[in-house]
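Hi everyone, thanks for coming. Let me put today's structure up on the screen, and then we can walk through it together.

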Amino acid sequence: MTDPHLNPTLYNKDVEQEAIRAGFGRGLVTAGRADARVVALCADLTESTHMDGFAKEFPDRYVEIGVAEQNLVTAAAGMALAGKIPFVSSYAAFSPGRNWEQIRTTICLNETNVKIVGSHAGVSVGPDGATHQMLEDIALMRVLPKMRVIVPCDSIEAEKGTAAIAASEGAAYIRLARDKTAVVTTRETPFSLDKALVLREGRDLTIIACGPMVYQALMAAEELSSAGIEAEVVNCAVIKPLDGATILASVRKTGVVITVEEAQAVGGLGGTIAELLGDHEPLPLVRVGMQDRFGESGKPAELLEHFGLTGRHIAARAKALLKTKIAMSRNG
Amino acid sequence: MPNFVTVNELEKLANTIRQDIIRMLVAAGSGHSAGPLGMADVFTALYFAVLKHDPKNPMWPERDRLILSNGHIVPVRYATMARAGYFPVEELLTLRKFGSRLQGHPERVRLPALETTSGPLGSGLSQACGIAKAWQIDGVKSRRVYCVMSDGEQDEGNIWEAALFGAKYKLSNLTAIMDRNNIQIDGPTEQVMPLEDLHAKWKAFGWHVTEIDGHNFTQIIDACNEARAIENKPVLIIAHTIPGKGVDFMEYDFHWHGKPPTPEEAKVALHELRTLGGRIQSEHQ
């Protein structure tokens, strides 16, 4: 396995925490410095989506749209037609939530080079509640032809992902989160727009995760290890196009698969992996995520706990799945 | 660059384009009649007297851009483009057919000279604003973006988002042209979802508004020229048109919004167009 150069203090209680959206903000400024064609458009959420750094450094290239998400993406499509590289941001619930059709027609079918940033995804949005906790965006975006889908696991990966999609032609969706979450990777951790990355090796089961759930998957692996179970953890930061080769190599080794996402358990990462397994390697699969319900107001930590999206829950599901597998192979 | 052209020549071209539309729709067996026929004069004026463009160099960077927001009337655009030399006239009969560049609604990737993809209403003006805004950032003054939209399309919120945006950024290199034909699918616009007072609405949104007879070439061209002199506002030209203009049994009838003529109906329509309503003799009697 390639050395993923993970944060050496990752398993400590006091591991560094930073919001994924902050990494995007830095990445956008870097992208803006690297290419004068990069412009940014925002639907009245400049500070909370961390476009303010870009707006301050490049005021002429920053376009305030106001609370108008349909115009957000269609004006961006127009700017792309005129040769710009537009990044558009809002909360994922509103973009792509509200403007999905315009994305489909004016960005995907039209093949315009627009980068859509959906912030505040997942239940960790917290007190704002269900209306603002977007859980369906991964599904909505991955089902669109000609749309890349990136879910960075931490702020450092968000920074790399932003720079990568700016430099790579084609529409892309990047999913960000509100809350401070563990910094899992380092500057040396590889990132590429067509690769999944094995972060931790193991031969007993494969846990495939995206976003802040990658940290939870690593915590689960740590707990399982003390019970004699070695879990392999894969960071699937690029859900589309999927790195089927890396994932199949892992699942063929372990024979048991769990996916974890802070999103509906259908249609997103879990759905993607289920399709891959169905096509190439049918195996026992458990999809950890929101079970066909919406979120609610609360503190991020208590919501993750309530909805079973922590390392402890993942470890419990893993043990249950392995018991089933052993039972199945005894009977088979 | 537009060559010098007379109103007479434009009228003849528009008549030919109307015939092309009828022939295309019959060959396709589906498509929209009222809008394309109604906008034949505006499109003829745009491609032959207004737009800075080069049919032999469709991606000429200095060209004006024409965005068609009400994408369903694309048959009139296809016909005008063919007559202007963008592709052979014979290709018009491939409209809506499998494998054609002339898709049912305009798709940029299949025919780049269409500038963008549209069909679902309400997005074109935003895209035109985006182009204008990009040019503003780059300090471009030598090109203009035009956006054709329909009146029925004014029901869409996206249009008003763009209206606010265009005024905020003072997009004076943008001219919108509205096909005010007073019909939409379910009936007259003022019965389905009343729009008036449209002029007052757009003026209140901060646009410079003029109203013209959409079948009068002098008015169309004058309005487009006047728009170029408006410094600090985007311009909206409300073009009053007759839906189905040129074909007596189609005019003013909203039922012709979304259906093509049958071969028998097309024969009658073509005869009327070729003889200018029976006023001249045609070899195609």
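Let me start with a question: how many residue pairs are in polar contact across the interface of chain A and chain B? This is a predicted model, by the way, and the rule finds 12 such pairs, with both residues at pLDDT 80 or more. On the chain A side, the elements that give two or more residues are β3 (62-64), α3 (69-81) and α4 (100-109). Of these, α3(A) gives the most, with nine residues. Sorted by class, that side has 10 nonpolar, eight polar and seven charged residues.

There is also one salt bridge across the interface. Look for Lys84(A) and Asp138(B), whose side chains meet at 2.6 Å, N to O.

Now the overall contact: chain A brings 25 residues and chain B brings 24. About 2,000 Å² is buried between the two chains, and carbon and sulfur atoms give 58% of that. In chain A, Asn71(A), Leu81(A) and Asn110(A) lose the most area to chain B, together 24% of what that side buries.

Let's turn to chain B itself. Here five strands make an open, parallel sheet in the order β1-β2-β3-β7-β6. At the edges sit β1 (65-68) and β6 (208-213), each pairing on one side only. From one strand to the next, the twist averages 20 degrees. β6(B) pairs with β7(B), residues 235-240, over six bridges; Glu211(B), for instance, has Ile238(B) as its bridge partner.

Finally, the helices. α5(B), residues 124-138, packs on the sheet and touches β1, β2 and β3 of chain B. α9(B), residues 217-227, also packs on the sheet, touching β2, β3, β6 and β7, and its direction makes about 165 degrees with that of β6(B).

Terms used:
Residues are numbered from 1 along each chain as its sequence is written. Chains are lettered from A and ligands numbered from 1 in the order in which they are written. This is a predicted model: local features need pLDDT of at least 70, side-chain atom pairs count only at pLDDT 80 or more; totals for chains, interfaces and linings use all residues. Side-chain values use heavy atoms; hydrogens and water are left out. Contact means heavy atoms within 4.5 Å. Buried area is the accessible area (1.4 Å probe) that two parts lose on being put together, summed over both. A salt bridge is a side-chain nitrogen of Lys or Arg within 4 Å of a carboxyl oxygen of Asp or Glu. A polar contact is a pair of N or O atoms within 3.5 Å; within protein, one must be able to donate a hydrogen and the other to accept it, and residues adjacent in sequence count only if both atoms are side-chain atoms. Helices (H or I, at least four residues) and strands (E, at least two) are DSSP runs, numbered from the N terminus. Ala, Val, Leu, Ile, Met, Phe, Trp, Tyr, Cys and Pro count as nonpolar, Asp, Glu, Lys and Arg as charged, and the others, Gly among them, as polar. Two strands pair if DSSP finds at least two bridges between them. Axes are lines fitted to C-alpha atoms, for helices over the stretch in contact, and angles run from 0 to 180 degrees between N-to-C directions.
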